[in-house]
Amino acid sequence: MNDWIITAGSAGVVLLMVGIAFALGFRDAAKLDGERIQHLAAAEGAEVEEALVGEDGAAALARLKGGQLLIVRAMGADVSTRVVPASSARLRLRAGRLSVTFGDLGYPSLDMPLKDAPPAWVAELTQGSLR
Amino acid sequence: MIEPAPPFEIPPIITFAVPAFVILIIAEMIYVRVTGKGRYETKDSATSLAMGLGNRVAGLLVGGVAVAAYYFVYQFRLFELGWTWPVMVACFFAEDLAYYWFHRLAHERRWFWASHVIHHSSQHYNLTTALRQTWTGVLGLSFIFWLPLVYIGFPPLMVLMFSAISLVYQFWIHTELVDRMGPLEWVMNTPSHHRVHHAINAKYLDANYAGVLIIWDRLFGTFVPEDKKEPPRYGIISQLGTFNPFRVAFHEWVGIARDVSGAKNLREVLGYTFGPPGWSPDGSRKTSRSIKQAWAARQAAAVPAE
């Protein structure tokens, strides 16, 4: 019982520390753009054919030469990427947002707000996903 | 099976250390904010701290399994080793050696990596990263690496005490704020050595598995010094795309299950489960070895031929 009380107290201390981190302003956010996407693709040994960055700059999708997809998400000031075959990703367009889903518990679906109508290559991929 | 009683009362070492952890984390946060040296991210720290809390809960729920295994094996001990100073000194070294091999296998075999990957899954390296601990260590049978110690005859409580001391020691080395530490670097695991261990730069992969003493890495050929010209980049090869603690805790286990369910034969089942992280039947995925080989090839190509 005593152990569980200490654990509950620890939870309170965790909240306190998170609050302090927040108050100190550790809330940087990476902004994605075309240049960064190209750089990230190059790091994977690939070249970007087309790229689409979400309106908020927090997520992006690129089609690489060779047909694979590069998926990029801002993780605070950092980024996390995945390169997947187009056939393994499910793309959906709904109400000005593009979602990209693929089977990786450590990388949940990407949900990108779009400023404009999606480019043709994305629309094409979306239709491909529906087949 | 009667375990010799320790000659002193063993305090709850980790519980006693927690207030110091909290004070040091807050001090590090303030130092980083004031000086701009080092990095913090609120969401990342929240995840790390939640993982630490979950590790404690998991310990309360299933930690008894590991302790029971220690006492079960202790029945068959080879020697009667009491709580004497020479035995305690020997146990300290033996525990640290056991930790080295646990840690090394936790990087080299996917079954153990599935639990340990959690600790490496932050792209940051600060004191909260130290608390980013697994929830599945006991279920993943990590404790088996310490069973030889109780089989030899070290009292289980003594082994548990030195394990706790090692864990507490390893807290403070998770920082970018401490540079090299002179002669200590020869013997002790230090922030510099452990930064290398957490780095994903090719030249730093699979190095510096030490717990308290770096001598084991020097002895077994896994020591790599920090290179000032190559600052460490932290995290894992496939960086996580989530701060959700549940996804962090179980993502690799689910990955194993998915791979195994698609395996075509026993070789693939064993490869996906006990092969190196990143193993695949056709070699299409990246492993530490393939990344290091590619890096070495690039280095060789960059050196002009004589």
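This note goes through the predicted model of chain A, from its overall shape to one set of paired strands.

1. Fold content. Chain A holds three helices and seven strands. Two helices come at the N-terminal end, the strands follow in one run, and a helix closes the order: α-α-β-β-β-β-β-β-β-α.

2. Overall dimensions. The radius of gyration of chain A is 19 Å, where a compact globule of 131 residues would be near 14 Å. Along the principal axes, the C-alpha atoms take up a box of roughly 60 × 30 × 30 Å.

3. Burial and contacts. In chain A, 41% of the 131 residues are buried. Of the contacts between residues at least 6 apart in sequence, 44% link residues at least 24 apart.

4. Surface and charge. Chain A exposes an accessible surface of about 6,900 Å², and carbon and sulfur atoms account for 53% of that. There are 13 positive and 15 negative side chains; the centres of these two sets are 6 Å apart.

5. Strand E3(A). This strand spans residues 68–75 and is mostly covered, with seven of its eight residues buried. E3(A) pairs with E2(A) and also with E4(A).

6. The E2(A)–E3(A) hairpin. E2(A), residues 59–64, runs antiparallel to E3(A) over five bridges. A:Arg63 sits opposite A:Leu69 of E3(A). Three residues separate the strands, and A:Gly66 has a positive phi near 110°.

7. The E3(A)–E4(A) hairpin. E4(A), residues 78–85, is antiparallel to E3(A), with eight bridges. A:Ala74 faces A:Val79 of E4(A) across the pair. Two residues lie between the strands; here A:Gly76 adopts a positive phi near 65°.

Note on methods:
Residues numbered from 1 in each chain as written. Chains lettered and ligands numbered in written order. Predicted model: local features only at pLDDT ≥ 70, side-chain atom pairs only at ≥ 80, totals over all residues. Heavy atoms only, no water. Helix = DSSP H or I, 4+ residues; strand = E, 2+ residues; numbered from the N terminus. Rg over C-alpha atoms; globule rule 2.2 N^0.38 Å. Buried < 20%, exposed > 50% of the residue type's maximum accessible area, 1.4 Å probe, protein only. Contact = heavy atoms within 4.5 Å. Areas by Shrake-Rupley, 256 points an atom, 1.4 Å probe, with all protein chains shown as cover. Lys, Arg positive; Asp, Glu negative; His and termini not counted. Charge placed at Lys NZ, Arg CZ, Asp CG, Glu CD. Pairing = 2+ DSSP bridges.
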